[in-house]
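Visitor: I am new to this structure and would like a close look at a single part of it. Please take one helix and the places where it meets other helices, and then show me how the surroundings compare.

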Amino acid sequence: MTGKISFKEINRLAIPAIFAGIVEPLISLTDTAVAGRFTANPDEALGAIGLVGSFLSALIWIFLQTSNAISALVSHAYGQGKVERLKTLVSQLFYFNLIVSLVMSFSAFFLAEWILSLYGAKNLLLEIAVDYFKVRVWGFPLTLLTFTIFGVFRGLQNTSWAMRISIFGGIFNAALDIILVYVFNFDVVGIAWASVTAQFIMFMLAMRFLYLKTPFRLMKLFPLHEDFSKTLMMSFDLFIRTLSLNIALFLGYRYATLLGSDGNNQFVGAHAILIQVWMFSSFLLDGYAHAGSAISGKLFGARDYKELNYLVKRLIGVMLILGVSLMGIYLVLSEPIGRLLTKSEDVLVVFYSAFWLVAIMQPINSMAFLFDGVYKGLGETKVLRNLLVIALIFGFVPTLLIANYFEWGVLGIWLSFMVWMLFRSGGLVYHFKKHYSVKAKNQNSED
């Protein structure tokens, strides 16, 4: 191990990325906490926000893959000292995402009831979810474009700009939630407008940083960049990967909703809260994964496999400490965490029955997210694609079907997620040792 990558450099990228990453799930948690305190229909409000949030998160993650691809290419170019050559590519991908996101938002707006019915929503739950959806869906283009710009920042080895923007957006959203719901009595529609407004503010700030702090401008569109098709192919691999991921999330919500087919919505309400906590943990752990992505991409561009191997070993130690710490915190504070997010006793009973499983998953998640970030930085999109498809088909789905057969309820759903994460983390650790650790050893031998 050479040790040129210091903890200072890792933390310079990771800590801002943690703050930037947790803002999005904090916004969702804020929305959930506000909805969980409605005096009328709190279970349905929680379920509606959870269902819509799941669908919109799926859209963002699926179509965000051009951001991950451009982040990898920018970091490679940064390691080679050739960032200027990507000016037109960034512009072309920005407008590509703009067109795609607008088409998706218009389509989803008119298909709102049908989409939410696929999740199993009906009656009052469906009615509330549709009202919330028809506002929130217009935040999708804003979030997709903002995260695309964040990908450029990450490729340039800077995560602090995204952190500042995200923190401001999160504070703005929380304040507007309180004003619109408790002052103007807008219920879930007020929560939706607060989120969309915060997303617009974040987008405008991201544009400002892009123009003031980077060499990229969005008016340089032609000629078509030589790496445009390569980027779309990488994006397509990540699209399939993320589609597999979101099929798992969809099935989780679908089965949770069907558990309440007799009109009891405490199951989907509890599952919605569990998902929000899990997402918060994921984005928090993703901070070091983003650092790993940015630095590994730079090292890959410079073909420095020794330093890449060293970087991963250092990050494994940090991520395991974070994962175990989160597990301990969740196990100790499970009672107040549940009561912070809802006052429904029916929802809390279901929540506590499965929350311990979410807690013990955190060390496993930490490894999966770390290597996921590293492999995005390396541009190994085919490996990520294949592994997620395998994890879905041979891990998540069989476990979910078995759990449903034995009527394990929400606990069975989360056991399926645990098996899924074991497939993801184990597969990437094995692949890295087999390929990149060997390259590092060969480079050591040559030196």
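Guide: What follows starts with one helix and its partners, then turns to aromatic residues and a few single residues elsewhere.

The model is predicted. Its mean pLDDT over the protein chain is 86, and 96% of the residues reach 70 or more. Among the elements of the chain, helix H16, residues 381–405, has the highest mean pLDDT, 95, while helix H1, residues 7–35, has the lowest, 76. Where pLDDT is low, predicted coordinates should not be read in detail.

The part to look at is helix H15, which covers residues 362–378. One of its partners is helix H3, residues 65–80. The two helices pack at an angle of about 65 degrees, and their axes are 7 Å apart. On the H15 side, the contact is made by Lys 376, Gly 377 and Leu 378. On the H3 side, Asn 68, Ala 72, Ser 75 and His 76 take part. By character, the residues of this contact divide into four polar, two nonpolar and one charged.

Helix H15 also carries two aromatic residues that pair with rings in helix H17, residues 409–446. A search of the whole structure finds 30 aromatic pairs. A pair of aromatic rings is described by the distance of the centres and the angle of the planes. For Phe 371 and Phe 432, the centres are 5.7 Å apart and the planes stand at 65 degrees, so this pair is edge-to-face. Phe 371 belongs to H15 and Phe 432 to H17, so the pair ties together parts that are 61 residues apart in sequence. Both Phe 371 and Phe 432 are buried.

The other pair is Tyr 375 with Tyr 436. Their ring centres lie 6.1 Å apart and their planes are at 85 degrees, so this pair too is edge-to-face. Tyr 375 is in H15 and Tyr 436 in H17, so here as well the pair ties together parts 61 residues apart in sequence. Tyr 375 has a relative accessible area of 0% and is buried. Tyr 436 is buried as well, at 3%.

Helix H17 was the partner in both pairs. Away from these pairs, aromatic rings also appear in other settings. Phe 147, Phe 150, Phe 153, Trp 161 and Phe 209 form one aromatic cluster. In two further places a charge is placed over a ring. The charged end of Arg 424 sits over the ring of Trp 420, 4.9 Å from its centre. Arg 303 lies over the face of Phe 300, at 4.5 Å from the ring centre.

Single residues elsewhere show a range of surroundings. Gln 276 is in helix H11, residues 266–301. With a relative accessible area of 6%, Gln 276 is buried. Apart from residues up to four places away in sequence, Gln 276 touches Ser 28, Leu 29 and Thr 32.

Met 104 is placed in helix H4, residues 87–110. Its relative accessibility is 25%, so Met 104 counts as partly exposed. Leaving aside neighbours within four places in sequence, Met 104 is in contact with Leu 59, Phe 63 and Phe 140. Of these, Phe 140 is 36 residues from Met 104 in sequence, and the C-alpha atoms of the two are 8.7 Å apart in space.

Met 219 is in the loop between helix H9 (187–213) and helix H10 (228–259). Met 219 is exposed, at a relative accessible area of 66%. Its contacts, again without neighbours within four places in sequence, are Ser 91, Tyr 95 and Tyr 211. Met 219 and Gln 92 are 127 residues apart in sequence, yet 9.2 Å apart from C-alpha to C-alpha.

Two asparagines can be set side by side for their backbone. Asn 123, in helix H6, residues 123–136, has a phi near 55 degrees, a positive value in a residue other than glycine. Asn 185 has a positive phi of about 55 degrees and is not a glycine either. Asn 185 lies in the loop between helix H8 (160–183) and H9. Asn 123 counts as exposed at 64% relative accessibility, and Asn 185 is exposed at 56%.

How values were computed:
Residues numbered from 1 in each chain as written. Predicted model: local features only at pLDDT ≥ 70, side-chain atom pairs only at ≥ 80, totals over all residues. Heavy atoms only, no water. Axes fitted to C-alpha atoms, helices over the stretch in contact; angles between N-to-C directions. Helix = DSSP H or I, 4+ residues; strand = E, 2+ residues; numbered from the N terminus. Contact = heavy atoms within 4.5 Å. Nonpolar A, V, L, I, M, F, W, Y, C, P; charged D, E, K, R; others polar. pLDDT = per-residue confidence, 0-100. Phe/Tyr/Trp six-rings, centres within 6.5 Å; stacked < 30°, edge-to-face > 60°. Buried < 20%, exposed > 50% of the residue type's maximum accessible area, 1.4 Å probe, protein only. Lys NZ or Arg CZ within 6 Å of the ring centre and 35° of its normal.
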